[in-house]
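Work through the exercises below with the model open. Each task is followed by a stepwise solution.

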Amino acid sequence: MSASQLVPAAARLFLSGNEAVARAVWEAGVRVAAAYPGTPSTEILEVLANYPDLYTEWSVNEKVSLEVALGASMVGARAFCAMKHVGLNVASDALMTMTVTGVEGGLVIAVADDVGMSSSQNEQDSRFWGRFAHLPVFEPADSQEAYAMTLAAFELSERHDTPVILRLTTRICHVKGVVSTGERSEVEQGGFTKDARRWVMVPGHAKPRVPLMFEREAAIRAEAETSPFNVSVDGTDRRVGFVTSGPAYMHVREAFPDAPVFKLGLAYPAPLEAVRRFAASVEALLVVEETEPLLENELKAAGIACHGKDVLPRWGELAPEVLLPGLARLRGEPVAEPEHLEPQQVFPRPPTLCSACPHLGVYYTLSQLRNIVISGDIGCYTLGAGHPWNALDSCISMGASMGVALGMDKGRGEADKNKKVLAVIGDSTFMHMGMQGLLDITWNRGNVTILLLDNRTVGMTGGQENPGSGRDIHGDEAPRIDFAKLCEALGVKKERIRVVDPYQLPVLFKALREETKIEEPSVIITDRPCVLIDRYEPTLPYLVKEDACTGCGNCIDVGCPAIHVTRRDKEVKASGKEVDLAFVRIDTSACTGCGLCVQPCAPEAIVHVKPLRPVQPLKFLRT
Amino acid sequence: MAKVTNILVCGIGGQGVMTATEILAEAALSLGFDVKKTEVAGMSQRGGVVTSHLRFGEQVLSPQIRTGEADLLVGFEAAEALRWGHMLRPGGVALVNAGRIVPPIVNIGLFDYPEDPVAQMRALGIELYAFDATTLAQQRGNIRLGNTVMLGAMADRLPFPAEVLLEAVLARFRSRKPALVEVNREAFELGRAAVAGNATLP
């Protein structure tokens, strides 16, 4: 995006929630914004990076990004950071003490919950952090509210000396709606005030501040009772009134247009008295919240009778399709389904690695190895757990491949004693949270071989820069980490660190076989860029000589989506054994000439007019 | 409440489903409608399923189209159109690119691609217009024009004049790639004609 494509100050813009938040952050006069990419929050910083007059960065992880924001706040700047839900787990250590110190410049933390798990390893309700850390939580219901609440959050932050959580969900971040924007206001900035009792959190300093935190919470709760973001929407059908927040509000209005609704925008601390008055005006109260029964339990504890998770699920989006049967259950009525066709059975289409992805070579090779356990990590390479490779045995959290591999090594019993333990991790994940795990492996003399897949980008979230890419958030040149040196500094012997081209299957295979045999930590670094970034250089596509293809199907095992079966057949071998044949073609519009499929091709039927890179056939892998 | 128009666009990551829906949204916005657009994409850049929901009208609340309430289903790929056929309301219309994208999971032999997704949808009683947008785009010299061909196919099925959508398509290219304005105009008309011709078939 160029500066000319920046969102202007105008009415009726069509913005996603992420774009709206970014615009409001800029308008609020924020000076520092930091984030680690994570779906569905990534675009907030991507968009912000294009605005003038503020510092933006991709941080190495969410905890660092939050600390950067806090540091900026300490010196009086308005500051912002964004993350996905699991990112706040990482950042929570800083969060739980920031709530005690408070802020100088306004500080807003946008946390995006992946309700429905479109692109995450779990589903979490980040509203818990508001209760846990005693911080106010805003919950917008659409892009316009995301914009308005971001602006309000900075104001609230400074007025009450508190970090503020802006809780988004996928259905806010990635939904576009009509938004009106304004202009940037420059906020006057004081300097840093040296005050150890305020910023140096040792027991003696923290103790007097903890009661202040609770006083602050009570003051914000009183404010929430009359906040313009907490409103009652009248309705004619008073049999059931709804209390709701976030995108669920839109779903409730859609499904029950005649029902009274109490909508929470400044959702924590909850305005219990306002809800109590609303409850008295309806026959029954149903709390609709994504995802856990936080408010429901709070209302019940306050003596406000309500329904909630007794009729609604505790996970996933509460779309009208879920709400309508929920209300029917509450009323004991039959569920009325809209008339529609039966869904048809169609093959699944799971996400998969791209054509020519450098990870294809890694997973093809791993799929050929036996007697190994592969602890995996979070990124595109998690897809290696899928077909046809089935070459990833665990995936838990950012950087977990390291500790999990070490634990497997140390904890293994007789049944696993001959297995080789491998860990697979990407460049960005390694720097996010993997480095400490590797240090633990070397220090504790673990017998683990690490595959560090350096594709020079944060691939899964769309190709952001990282300290290994040699560029900053703006694409400008930046210091580039040397992974081999880093691993050596973390205690891996120099001779146990290899840098390998993942398109050279025999080399990769040999490196893996040798390193897994040696009983000490070793690292194999692959060094080819992601095919979706500008550093990747496609070459001429390959094609299959139809008359030469014997239907062996070896190339299909590579898993490249550019290879297509044109016909299937069966052949009876001399031994009497029947084998399946699959004849193939290559989609030349998708092939970029990486040459991976050429190597296992038995009859050497995959060619291009003029080989650009010498390709070594992978004969020794065949049986 | 005034009628909201529901358009479901489906396909595969990388096909331009989201961009096409964005252009449709811009057309609706230019007429003063309230508009919401939402995607279920997940890790769609990696060849997964993509659906984009577009809703517009006087006021739009939930961005999601409910099962059985889509007025128009636009399938950028034949099997994907079949996958989402049940989203159509009774009497809704499907516009389908008959071109196929076969995923690795089928190529490695774990699943079968439906024999004829278009025929299967017609057998369900869906009013369907199928054409090969991929080939039409290739004939115009660039597979990426498939997106504009698909938009052209939708043009006469919207509650506003086709010219509004055409203008939204061209406006986008005028500001970003002026050299491609004319070829996109042609691709748009190709898509429009493909469906118009198709409509006369029994």
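A residue is buried if 20 or more other C-beta atoms lie within 10 Å of its own, exposed if 12 or fewer, and partly exposed in between, with C-beta atoms placed from the backbone. Helices (H or I, at least four residues) and strands (E, at least two) are DSSP runs, numbered from the N terminus. The model is predicted: local features need pLDDT of at least 70, side-chain atom pairs count only at pLDDT 80 or more, and totals for chains, interfaces and linings use all residues. Residues are numbered from 1 along each chain as its sequence is written, while chains are lettered from A and ligands numbered from 1 in the order in which they are written.

**Exercise 1. Describe helix H18 (residues 505-517) of chain A.**

Step 1: check the length. The expected span is 1.5 Å times one less than the number of residues. For the 13 residues of H18(A) that gives 18 Å, and the end C-alpha atoms are 18 Å apart, which agrees.

Step 2: find the buried side. Its residues are A:Leu505, A:Leu508, A:Phe509, A:Ala511, A:Leu512, A:Glu515 and A:Thr516. Down the axis of H18(A), they fall within an arc of 165° (taken from the directions from the helix axis to the C-beta atoms), so they line one face.

Step 3: turn the helix over. A:Arg513 and A:Lys517 are exposed on the face of H18(A) turned away from the buried side.

Step 4: list the packing partners. Contact means C-beta atoms, placed from the backbone, within 7 Å. The buried residues of H18(A) pack against helix H14 (358-368) and five strands of chain A: E14 (372-375), E15 (420-426), E16 (449-453), E17 (497-500) and E18 (522-526).

**Exercise 2. Analyse the contact of domain 3 with domain 4 in chain A.**

Step 1: set the bounds, which come from an automatic or database domain assignment. Chain A has domain 1 (3-185 + 196-225), domain 2 (231-331), domain 3 (358-526) and domain 4 (543-621).

Step 2: place the pair. The C-alpha centres of domains 3 and 4 of chain A lie 28 Å apart.

Step 3: count. Twelve residues of domain 3 of chain A touch twelve of domain 4 of chain A. On the domain 3 side, H14(A) and H18(A) each supply at least two residues. H14(A) gives the largest share, six residues.

Step 4: sort that side by type. Ala, Val, Leu, Ile, Met, Phe, Trp, Tyr, Cys and Pro count as nonpolar, Asp, Glu, Lys and Arg as charged, and the others, Gly among them, as polar. The domain 3 side has nine nonpolar, three polar and no charged residues.

**Exercise 3. Which strands pair with strand E8 (175-179) of chain A?**

Step 1: apply the rule. Strands pair if DSSP finds at least two bridges between them.

Step 2: look within chain A. Strand E1 (residues 13-16) of chain A runs antiparallel to E8(A), joined by four bridges. A:Leu15 is bridged to A:Gly177.

Step 3: cross to chain B. E8(A) pairs with strand E2 (residues 34-40) of chain B, antiparallel, over two bridges. There, A:Lys176 has B:Lys37 as its bridge partner.

Step 4: check burial. Four of the five residues of E8(A) are buried, so the strand is largely enclosed by the rest of the structure.

Technical notes
Two residues are in contact if their C-beta atoms, placed from the backbone, lie within 7 Å.
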